[in-house]
Structure formats: structure tokens, C-alpha cells
Amino acid sequence: MTKNKLAFVSGATSGIGEATAEILATNQWDLIISGRRLDRLNKLASSLKTKYNVDVRTVCFDIQQREKVKDSLASCANLLTKIDLLVNNAGLALGKSPFQEGLESDWETMIDTNLKGLIYLTKEVIPFMIENKSGHIVNISSTAARDMYLGGNVYSASKSAVDALTKSLRLDLLEHNIKVSSVAPGMVHTEFSEVRFHGDKAKAEKVYQGFKPLYAKDVADAVYYIVSRPSHVHIGDLLITCAAQANSNIVIKS
Ligand code: NDP
Ligand code: 8X3
């Protein structure tokens, strides 16, 4: 039987989640990876197993659906008894209009995914960590939670709520020896903007033109740094931007 550590990474079909799964696998962590796109989950699982000889289980569900989250987690309950790490990464922005022009459906999806989905998943994983008297939860926040910017409104609010929950969980779970950390990235070149602009690739690409943004691997490296500290060390919060970005509003572009 493997003695590898085990991590659950949500939103592993793309971007930061995929890169986090990869760096964990590189370091001989076994994985449970989730997302809605089964083909991508299977492809990643197969590649990580082959390259790094680790165990990878896939669970395909929409994190907005409470019952689906519950059932999917129940389907791997045996595995979860060994869980060491939960990376709450699944999330998205939709739209960048001023609030008064925003779409209600976009708001609902952001809140249901970024906040409620994270709550649903965390609720299912925590009992196993409490039973083991150890564990680590890393929530992917955003600079959008630290400084507001035009059109950030509901996305910023959802990530600010993630920050509040991170701090709160840290208090509640302290007595169970469970670490709770947050990583707040600035602009990262992933599928994020394409999703945000409802599939408009040209508009998405413009976001990252004229400067060198972060890449998914940069954020994954930060996650790995946090989770690979000695057991007595806790990194509560890590803010990471590319060198050209000072905050949500200031980016030097050529
Ligand atoms: P991507 O769009 O590349 O990846 C998003 C991931 O989230 C995908 O794997 C997607 O999987 C998953 N996801 C989205 N909605 C759902 C859902 N309803 N159910 C299950 N999984 C879902 O973007 P990033 O990698 O950039 O984003 C990852 C996280 O990082 C997000 O929380 C984002 O807010 C945050 N972030 C991103 C920044 C950036 O500039 N890119 C900066 C700061 C934070 P699938 O579609 O298969 O379900
Ligand atoms: C993603 C970064 O600046 O697009 O969280 O909100 S930003």
C-alpha cells in the first residue's frame, strides 16, 4: 500500500488546479481531482499516473450542486479516510460590467461556485481530517478580494467571502490540528478570462497583452511551498502577483 500523502484538488481540468495537481504528483502525492469535464479529468489522471507513478482518482461533478458534491464525495469515502490536503481551487468570474449592468445569472453562478461550492466541498472533507486530527485546507482567493476594481463587484465579493471563511475556518479547526491557508493570486494566464468573457477568446487574450502575467505553475509553486513546510509551520496567507502588477488596479503594460 502506498504511503504517499493524498490531496483533493478541485477544478483540476484547467489552469491553477491542473498545475497544482501536477506539482503535487511530481512530489509523489496521490490525488483526487475534480471538475465537470470528464475527458480532461481522465486525460490528466492518466498522464500523472504514467509520468509520476502516483494514484489518481477522478470525481466529476458540478460543485454548485449540493447533492452531487455529497454523492461524489461519498463515492470515494474509503480514500478520503487518508486525506491530507484539500485545495479549494474551482472557481470563476463571469462578466466585468459595472454592477448596474451585470447579469443576475452570472452573479448566481459566481456565488454558487466560488462560495457555496467551496463550502459544500469543505463540509464533506472536514470530518475525515477531524477524525485524523490533521489536515490542511488551501483556499484559492484573489487580489480581487484585497483591492476592488471597476467591474469586479460580485466576483470580488465572492472572493472576499472566501477570505472571511478562510479566517473563520482557521479558528474553528485549530483545535483539530487542521491548517487553513489562503493563496491570493493576481492576474494568471489561464482559461479564466475566456470564461469570464463568455468564450470571447480575443477579448480574453487582450487581458494578458503588454506584460508578463503569472502562469498557472507559478501559483501551483506557491501552493506547494505552503503545503510542504514542516508540520509546526503555518502559512496563513500568500499574496502573489507578477512583477508588473502592484494590485488589482495597477499593472505596468508596454
Ligand atoms: P480556469 O478557468 O483555467 O480553471 C477553473 C477551474 O474551475 C476549472 O478546472 C473548472 O473545471 C473549475 N470549475 C469552474 N466552475 C466549476 C463548477 N461549477 N464545478 C466544478 N468545477 C468548476 O481558471 P483558473 O485556473 O485561473 O482559476 C482557478 C481559481 O483561481 C479560481 O477560483 C479563480 O477565481 C482563481 N483565480 C484566478 C486568477 C486568474 O487571473 N486566472 C487570479 C486569482 C484567482 P470545469 O470547467 O471542468 O468544471
Ligand atoms: C482573478 C484576478 O484581477 O481578474 O481573480 O480579478 S482579476
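**Exercise 1. How far does a polar side-chain atom of Y149 lie from an oxygen atom of ligand 2?**

Before we start, keep in mind that this is a predicted model.

Step 1. Find ligand 2 and list what surrounds it: S142, A144, Y149, Y155, F192 and R196. Y149 is in that list, so let's zoom in there.

Step 2. Check the distance. A polar atom in the Y149 side chain is 2.6 Å from an oxygen of ligand 2. The cut-off for a polar contact is 3.5 Å, so a pair of N or O atoms within that distance counts.

Step 3. Look for other contacts of this kind. S142 has a polar side-chain atom 2.5 Å from an oxygen atom of ligand 2, and for Y155 an N or O atom of the side chain is 2.6 Å from an oxygen atom of the ligand. On its own, ligand 2 has 240 Å² of accessible area, and the protein covers 86% of it.

**Exercise 2. Into how many nonpolar, polar and charged residues does the shell around ligand 2 divide, and where does the ligand sit?**

Step 1. Sort the shell residues by type. You should get 4 nonpolar, 1 polar and 1 charged.

Step 2. Now the location: ligand 2 is in the largest pocket.

**Exercise 3. Which residues come nearest to ligand 1, and which elements give two or more residues to its shell?**

Step 1. There are 29 residues around ligand 1, and the nearest of them are T13, S14, R36, Y155 and T190. Y155 should ring a bell, as it is also listed around ligand 2.

Step 2. Go through some polar contacts. The T190 side chain has an N or O atom 2.6 Å from an oxygen atom of ligand 1. The other two use the backbone: V188 brings an N or O atom to 2.9 Å from a ligand oxygen, and G186 has a polar atom at 3.5 Å from one.

Step 3. See how covered the ligand is. Of the 880 Å² of accessible area that ligand 1 has on its own, the protein covers 96%.

Step 4. Name the elements: α1 (15-26) and α6 (153-173) give two or more residues each.

Step 5. Finish with type and place. The shell holds 11 nonpolar, 13 polar and 5 charged residues, and ligand 1 sits in the largest pocket.

**Exercise 4. What separates D112 and K116 in helix α5?**

Step 1. Spot the pair: the two side chains, D112 and K116, form a salt bridge at 3.5 Å, N to O. The whole structure has 9 salt bridges.

Step 2. Count along helix α5 (residues 104-132). D112 and K116 are 4 residues apart there, so about one helical turn separates them.

Terms used: Residues are numbered from 1 along each chain as its sequence is written. Chains are lettered from A and ligands numbered from 1 in the order in which they are written. This is a predicted model: local features need pLDDT of at least 70, side-chain atom pairs count only at pLDDT 80 or more; totals for chains, interfaces and linings use all residues. Side-chain values use heavy atoms; hydrogens and water are left out. A residue is near a molecule or strand if one of its heavy atoms lies within 4 Å of it. A polar contact is a pair of N or O atoms within 3.5 Å; within protein, one must be able to donate a hydrogen and the other to accept it, and residues adjacent in sequence count only if both atoms are side-chain atoms. Accessible areas come from the Shrake-Rupley method with a 1.4 Å probe; for residues, only the protein chains shown count as cover. On a 1 Å grid over the protein atoms alone, a cavity is a set of points where a 1.4 Å probe fits but cannot get out, and a pocket is an open set with protein on both sides within 12 Å along at least five of seven lines; lining residues have an atom within 4 Å of a point. A molecule sits in a cavity or pocket if more than half of its atoms lie within 2 Å of its grid points. Ala, Val, Leu, Ile, Met, Phe, Trp, Tyr, Cys and Pro count as nonpolar, Asp, Glu, Lys and Arg as charged, and the others, Gly among them, as polar. A salt bridge is a side-chain nitrogen of Lys or Arg within 4 Å of a carboxyl oxygen of Asp or Glu.
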